[in-house]
Structure formats: structure tokens, C-alpha cells
Amino acid sequence: MIDLHIHTNYSDGQATIREVLEIASRKKLEYIAISDHYTTTSKQNIIPTLSLEIIDKYIKEIRATTASFSTKCFVGIEIDCESKFKDIEKLPLEEFELIQFEDVFSINILKEVCELIDKRQLQGIFCLAHPAIHFYNDSYPVDLDFIRKQLAPLLVEYNIAFELNSRYTHRWANLVPRIKALLDMGISFSIGSDAHFKSDIGGVLEQYEFLKKMGGLKNIIKLSI
Ligand SMILES: [Zn+2]
């Protein structure tokens, strides 16, 4: 199993990087990603966030720590896309193996994400972090035509996965037709616990069961070391 969305005490998580890896290895997770928050909006006054000053230390510590565990850990980050893109551009984006883009509230923000990927020629794994929130709130138009003609083509072209996130499982039932449309379009799905507490790490069974029921296990993001 994989869990590509875990927070540490570099932002608002409970565990250290080493503790995350100890737990993930004990639970025999194949791949994880540590993806701490980065925001430059007023949320930084509420949520502890990565800063440009500590980002190098964060990346190096993940790389150094993962080497001694059986679980492969991707160096990730969860970028708040409500931050100004000129702030986001200051990040050493090329250093990350996985980038979670959160709060991609509209197709225009998604286009900005795609422009950033192009401009920096990024090669990592990309995900929309818990996009189900926006679908649920109908920030995105709900019609399947929108998904097929506007959303899905961008996700395919830029290889951006759609995340199923453990904190919002209660919302999936409302999303079935839209998720079905995404699966039919060949979109990759990422799986993440969004763990902030140690006990949440690897709590991803519901996603596997949900995708299995939808015939979507083949859409789970393909990963390699
Ligand atoms: Zn998160």
C-alpha cells in the first residue's frame, strides 16, 4: 500500500521524519511521501509551515533518513495554491519528488499550476491534494462535460493525479459519477492519509476499497524508485 500525504513536525504534524518512517516501515507501506505545508497566505499565522529558510534542511533530512528504512519515502511538499505564485516560484521545486497542490479552487488556478510545471520543466509526481473538497463544495462546475473537456485533459497532459484523501471519505459518495468520469478518462489516482497524528499514518484502506468497487485499482498512481 502507499500513503502519499503525511505531515511531520516540520509543519503541523505530530511525528518527526524518523518516526513517520518507523511507523510506515512497521506497517509495511511500500511507498510514502512526506508532504509538509507551504503557504504564504494568512494561513501561515495558524498553521506551522515550511519556510525558505528551513526547506533545505527538510529535504536533506528526508533523504538521509529514508535511506535506512524498507519503506521508500518521496521528498514531498503540499503547496497552498492560494499563495501568490511568485512566492511559490521561490521554492526549490526541482528538488521535490512529489508536489501536492492544495486549494486548486478553479480551473484557472489549475492552469497556473500547469504553467509552473512547464516553466520550471518539473519532472516529479504531481497531485491535486484532496480535490474532493472543491468538488463537494461545487467550486468546480459539477457537470461531467466540464470534467471531460476541461479538467481531465489538463490532468492527463501534465500527469497530475487526483488524490483520494482519508480525511474526506464521507464526501466520496457524492462524487461517484465524477470520479467515474475521471477513471474513464484514464486519470491517475493518488492515495493519502493526510496524517497529522502518528496513528493516522497508513490509514488508507478505505481508498483501496472505494477504488476497487469503482473498478479503478488500475488507476492508482504508478511509482518507481
Ligand atoms: Zn495535508
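Helix 1 crosses helix 2 in a right-handed sense in this predicted model. Helix 1 spans residues 17-26, and helix 2 spans residues 55-66. Their axes come within 10 Å of each other. The crossing angle is roughly 35 degrees. On the side of helix 1, the contact is made by Ile17, Arg18 and Leu21. Helix 2 contributes Glu61, Ile62, Thr65 and Thr66. By class, three residues of this contact are nonpolar, two are polar and two are charged.

Seven strands form an open sheet. Their order is 1-2-3-4-5-6-7, and the pairing is parallel. In general, strands of a sheet pair through backbone hydrogen bonds, either parallel or antiparallel. The edges of the sheet are taken by strand 1 (2-6) and strand 7 (189-192). Each of these two strands has a single partner strand, so one side of each is left without a neighbour in the sheet. With direction ignored, neighbouring strands are turned by 30 degrees against each other on average.

At one edge, strand 1 runs parallel to strand 2 (residues 31-38). Three bridges join the two strands. In one pairing, Ile2 has Tyr31 of strand 2 as its bridge partner. Helix 1 also packs on the sheet. There, helix 1 touches strand 1, strand 2 and strand 3 (72-80). The direction of helix 1 makes about 150 degrees with that of strand 2. Strand 2 has eight residues, and eight of the eight are buried. Strand 2 is therefore largely enclosed by the rest of the structure.

Overall, the secondary structure comprises eight helices and seven strands. The radius of gyration is 16 Å, close to the 17 Å that the globule rule gives for 225 residues. The protein is therefore as compact as a globular protein of that length. Taken along the principal axes, the C-alpha atoms fill a box of roughly 45 × 40 × 30 Å. Of the 225 residues, 42% are buried. Contacts between residues at least 6 apart in sequence were also examined. Of these contacts, 77% join residues at least 24 apart.

Two loop residues were examined for their backbone angles. Most residues other than glycine have a negative phi. Asn159 is not a glycine, yet its phi is positive, at about 55 degrees. Asn159 lies in the loop between helix 6 (144-157) and strand 6 (160-165). Asn159 has 14 C-beta neighbours inside 10 Å and therefore counts as partly exposed, since a residue is buried if 20 or more other C-beta atoms lie within that distance and exposed if 12 or fewer do.

Asp194 likewise has a positive phi, near 55 degrees, and is a residue other than glycine. Asp194 is found in the loop between strand 7 and helix 8 (205-213). With 24 C-beta neighbours inside 10 Å, Asp194 counts as buried.

Definitions and conventions:
Residues are numbered from 1 along each chain as its sequence is written. This is a predicted model: local features need pLDDT of at least 70, side-chain atom pairs count only at pLDDT 80 or more; totals for chains, interfaces and linings use all residues. Axes are lines fitted to C-alpha atoms, for helices over the stretch in contact, and angles run from 0 to 180 degrees between N-to-C directions. Helices (H or I, at least four residues) and strands (E, at least two) are DSSP runs, numbered from the N terminus. A crossing is left-handed if the near helix is turned anticlockwise from the far one by less than a right angle, and right-handed if clockwise. Two residues are in contact if their C-beta atoms, placed from the backbone, lie within 7 Å. Ala, Val, Leu, Ile, Met, Phe, Trp, Tyr, Cys and Pro count as nonpolar, Asp, Glu, Lys and Arg as charged, and the others, Gly among them, as polar. Two strands pair if DSSP finds at least two bridges between them. The radius of gyration is taken over C-alpha atoms; the globule rule is 2.2 Å times the number of residues to the power 0.38.
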